Amino acid sequence: MQKSYTAYKMTLRPVEIADLDKLRKWRNSDEIRSFMLDQSVISEQQQLDWFSSLDRKVDEIHFSVDYKGNCVGYANVKQLRDTNKLNTGLYIGDTQYRGTFLAQCLGLALLDYCFNVLNVDRVFAQVLEENNAALRYNRLFGYEVSHIDAGIVYMQLSSSNYEREKKKIIRFIR
Amino acid sequence: MSINNKKLVQVFSSALNIDEHLVNDGLMYNSIEQWDSTAHMTLIAELEDEFDVMLDTDDIIEMNSVGKSREILIKYGIGFSID
């Protein structure tokens with residue numbers, strides 16, 4: 001059973017049915033959907049089907065993200081098919097916190113989870129080439145570009161790079 | 001403009017590497033290319049140095065504009081009234 005993980009003021013917890021409406025609206029908003037690799041609009045039924053399948057997924061972990069007890073976003077870790085590579089993804093849905101330092105707190109929590117709980121030594125991310133904000137954000141944590149293909153930037157982050165860059169951010173976590 | 005208001009403008013100008021005339025209360029984090037995640041941490045460090053405060057993480061999270069920065073600094077006892 002998936003457990004919650006709390007770090008850097010963030011709680012990554014299992015998605016609950018009470019979160020679905022809010023997550024779907026955020027996910028389908030132009031501001032978030034336009035920067036996703038899959039930009040389709042998710043219907044309520046599609047989301048319910050997805051939610052029902054979560055317990056059976058062995059290669060994906062999906063989180064609702066809480067700050068001060070309120071759901072503010074979503075994060076996931078997915079194992080890339082036929083590989084042992086882990087992909088990370090997140091968004092902050094609550095507009096009050098979009099474009100704030102909360103993004104760094106969430107990034108730290110998710111990456112600590114990957115490196116310290118899942119015990120991987122490298123994580124991966126895929127970002128649309130035009131999403132400069134996400135590219136800069138990932139670089140903050142030490143992600144490096146592996147290659148670019150068909151408008152998608154493939155990035156990777158080693159645990160050593162992360163530990164080095166993390167120090168610059170955690171000085172502001174008090 | 002009060003001394004602390006001038007300091008605030010100067011810190012934003014320096015940390016974000018923008019002209020002082022661009023620093024106004026409505027200027028928001030991530031609204032200009034210069035105020036990105038990296039610059040934000042530089043900004044926090046310079047605000048803390050200039051005003052001799054140590055900001056709580058929740059306040060750093062709330063700090064998403066020049067105007068909000070002033071509000072938060074007032075909480076830490078920094079006055080911005082006209083001298």
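Me: What makes two strands count as paired, and how many bridges join β6(A) to β8(A) in this predicted model?

Reply: Two strands pair if DSSP finds at least two bridges between them. Strand β6 (residues 122-128) of chain A is joined to β8(A) by 7 bridges, and the two run antiparallel, so the requirement of at least two is met and they are called paired. Within this pairing, V123(A) stands opposite L157(A) in β8(A).

Me: How do you know that β7(A) and β8(A) pair, and what lies between them?

Reply: Strand β7 (residues 144-149) of chain A pairs with β8(A) in the antiparallel sense over 5 bridges, and because at least two are required, this counts as a pair. V145(A) stands opposite M155(A) in β8(A). The two strands form a hairpin with 2 residues between them, and A150(A) in the turn has a positive phi of about 50 degrees.

Me: Why is L37(A) called partly exposed, rather than buried or exposed?

Reply: The relative accessible area of L37(A) is 43%; since buried means under 20% and exposed over 50%, this value falls in between, and therefore L37(A) is partly exposed. L37(A) is found in the loop between α2 (30-33) and α3 (44-53) of chain A.

Me: What does L37(A) touch, not counting residues up to four places away in sequence?

Reply: With that exclusion, L37(A) touches Q126(A), L128(A) and I152(A), which means that heavy atoms lie within 4.5 Å in each case.

Me: How many of the residues in strand β8 of chain A are buried?

Reply: In strand β8 (residues 152-158) of chain A, 5 of its 7 residues are buried, and the strand is mostly covered.

Conventions: Residues are numbered from 1 along each chain as its sequence is written. Chains are lettered from A and ligands numbered from 1 in the order in which they are written. This is a predicted model: local features need pLDDT of at least 70, side-chain atom pairs count only at pLDDT 80 or more; totals for chains, interfaces and linings use all residues. Side-chain values use heavy atoms; hydrogens and water are left out. Buried means under 20% relative accessible area, exposed over 50%, partly exposed in between (1.4 Å probe, protein chains only). Helices (H or I, at least four residues) and strands (E, at least two) are DSSP runs, numbered from the N terminus.
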